[in-house]
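The following exercises introduce a protein structure to a reader who has not met it before. Please attempt each task before reading its solution.

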Amino acid sequence: MPLKPVYGHEALRARLASALLGGRLPQVLLFTGPVGSGKQRLALWLGQAAMCEDLSPAGPCGRCAECRLCLELVHPDLHWFVPVARGKASDPAKLLEDVKIAIAEAVAERREQGLWEPPDGTTGHWLAAVRLLQRVASVTPFRAGRKVLILGDAERLVVQEANLEAANALLKVLEEPPADTTIVLTASEAQALLPTIRSRTVPVRVGRLPDATVKAFLTQELDSQLTGASLEHLVAQADGRIGLTLPRVGDGRAIERARAVLGAAQGGAVQWATLALGQPPWGARGDFAGTLDALAVELRALLIRAAHAGDRDTLGRRLAALDRVHAVQQTVGTNVNPQLALAELAQALERVA
Ligand SMILES: [Zn+2]
């Protein structure tokens, strides 16, 4: 299945297309913006635009062979690095092969779905991936006369863990990329990257989308049966980020915690009390905020399921639970006691099954 089309970001796309046509596109870019705002999809769009044989100010044509290969994620000059699990091999050459396969598999999975969820919290861009990136950057392009390398979720770079060798390898590529190479990093927060990396990139801000655009995506691309109030609700919760309508969030541990909360809510009073008491009565802004975010995303997934099943009663209860979670999310900024906040949620969550 080809990638879903890009929705929105028209002004930014016009700027990027014009920079490409004028030969003014910086070689190393950093796309930043909220989780789910479409940074990697836009980077892939830019890659397609760079390869397209008939690029216009409106963007890539979408019909030429280069465009089609890009949309199927099989263009040999468009390289998408996504975070993967850490390799286990001790031999560096074997590690590099393994990471290459792991990345190819992860990308194939994304291609299969045409959409993707944020990566699991245990994945990263390990030293082997940085070496692979370095190698890919040095290879002559196969078809298009240029290469585009996309490094998604760049905050997952192991250089963030002070791996000097990886940092130096990456900095070298970012400092002097081959003339035929464009590199696009994506990250939610520029501040999450090392200053040495950040300073070698040209920042591009990817903003939230209007609700009408999110709604158009949901109704046209997800083959969703969501209508009326539940559609409006999902659009409102997405807060301008198409990626947030998908049933996952980035932090794997937050997802586990959220599922534990949901499980305990279904499991009766004793199980619930054990969970609530296990939660420290402070630190609402940290892990607890992440748990609430993940909980909202889990509930959204349950909501979509109920909508597809046409189960109005369940849908209503899940909507109510999501509303409660959002109400508690509002209080996290005021440093609410997480134990009390969980107590608030108990009743609503008990009835989402
Ligand atoms: Zn084209």
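**Exercise 1. Packing of two helices**

Determine how helix H13 and helix H14 are oriented relative to each other in this predicted model, and state which residues make the contact.

*Solution.* Step 1. Helix H13 covers residues 312–332 and helix H14 covers residues 338–350; their axes lie 9 Å apart, at an angle of about 170 degrees. Step 2. Angles over 145 degrees count as roughly antiparallel, and therefore H13 is roughly antiparallel to H14. Step 3. H13 contributes Ala321, Arg324, Val325 and Val328 to the contact, while H14 contributes Ala341, Glu344, Leu345, Ala348 and Leu349. Step 4. Sorted by character, the residues of this contact comprise 7 nonpolar, no polar and 2 charged.

**Exercise 2. The zinc site**

Identify the protein donors of the zinc ion and decide which geometry their arrangement has.

*Solution.* Step 1. The donors are the SG atoms of Cys52, Cys61, Cys64 and Cys67, at 2.3 to 2.4 Å from the zinc ion. Step 2. Along the chain, these donors follow the spacing C-x8-C-x2-C-x2-C. Step 3. For four tetrahedral donors, the ideal angle at a metal is 109.5 degrees. Step 4. The 4 donor atoms here subtend angles of 103 to 117 degrees, so the arrangement is tetrahedral. Step 5. Burial is judged by a relative accessible area under 20%. Cys61, with 18%, is therefore buried, and Cys67, with 0%, is buried as well.

**Exercise 3. Two residues and their surroundings**

Classify Ala192 and Phe217 by accessibility, and locate each in the structure.

*Solution.* Step 1. Ala192 is found in the loop between strand E4 (181–187) and helix H7 (195–198). Its relative accessible area is 29%, so Ala192 is partly exposed. Step 2. Ala192 lies 36 residues from Arg156 in sequence, and their C-alpha atoms are 9.3 Å apart. Step 3. Phe217 belongs to helix H8 (residues 211–221). With a relative accessible area of 3%, Phe217 is buried. Step 4. Apart from its neighbours within four places in sequence, Phe217 contacts Lys4, Tyr7, Leu115, Leu222 and Ile242. Step 5. Between the C-alpha atoms of Phe217 and Val235, which are 18 residues apart along the chain, the separation is 9.9 Å.

**Exercise 4. The protein as a whole**

How many helices and strands does the protein have, and what share of its residues is buried?

*Solution.* Step 1. The secondary structure consists of 14 helices and 5 strands. Step 2. Of the 353 residues, 50% are buried. Step 3. Among contacts with a separation of 6 or more, 78% join residues 24 or more positions apart.

Technical notes
Residues are numbered from 1 along each chain as its sequence is written. This is a predicted model: local features need pLDDT of at least 70, side-chain atom pairs count only at pLDDT 80 or more; totals for chains, interfaces and linings use all residues. Side-chain values use heavy atoms; hydrogens and water are left out. Axes are lines fitted to C-alpha atoms, for helices over the stretch in contact, and angles run from 0 to 180 degrees between N-to-C directions. Helices (H or I, at least four residues) and strands (E, at least two) are DSSP runs, numbered from the N terminus. Angles under 35 degrees count as roughly parallel, over 145 as roughly antiparallel, 65 to 115 as roughly perpendicular and the rest as oblique. Contact means heavy atoms within 4.5 Å. Ala, Val, Leu, Ile, Met, Phe, Trp, Tyr, Cys and Pro count as nonpolar, Asp, Glu, Lys and Arg as charged, and the others, Gly among them, as polar. Donors are N, O and S atoms within 2.8 Å of the metal (3.2 Å for Na, K and Ca); water is not among the atoms, so sites may look incomplete. Four donors count as tetrahedral if all angles lie between 85 and 135 degrees; four count as square planar and six as octahedral if opposite donors are over 155 degrees apart and all others between 65 and 115; anything else is irregular. Buried means under 20% relative accessible area, exposed over 50%, partly exposed in between (1.4 Å probe, protein chains only).
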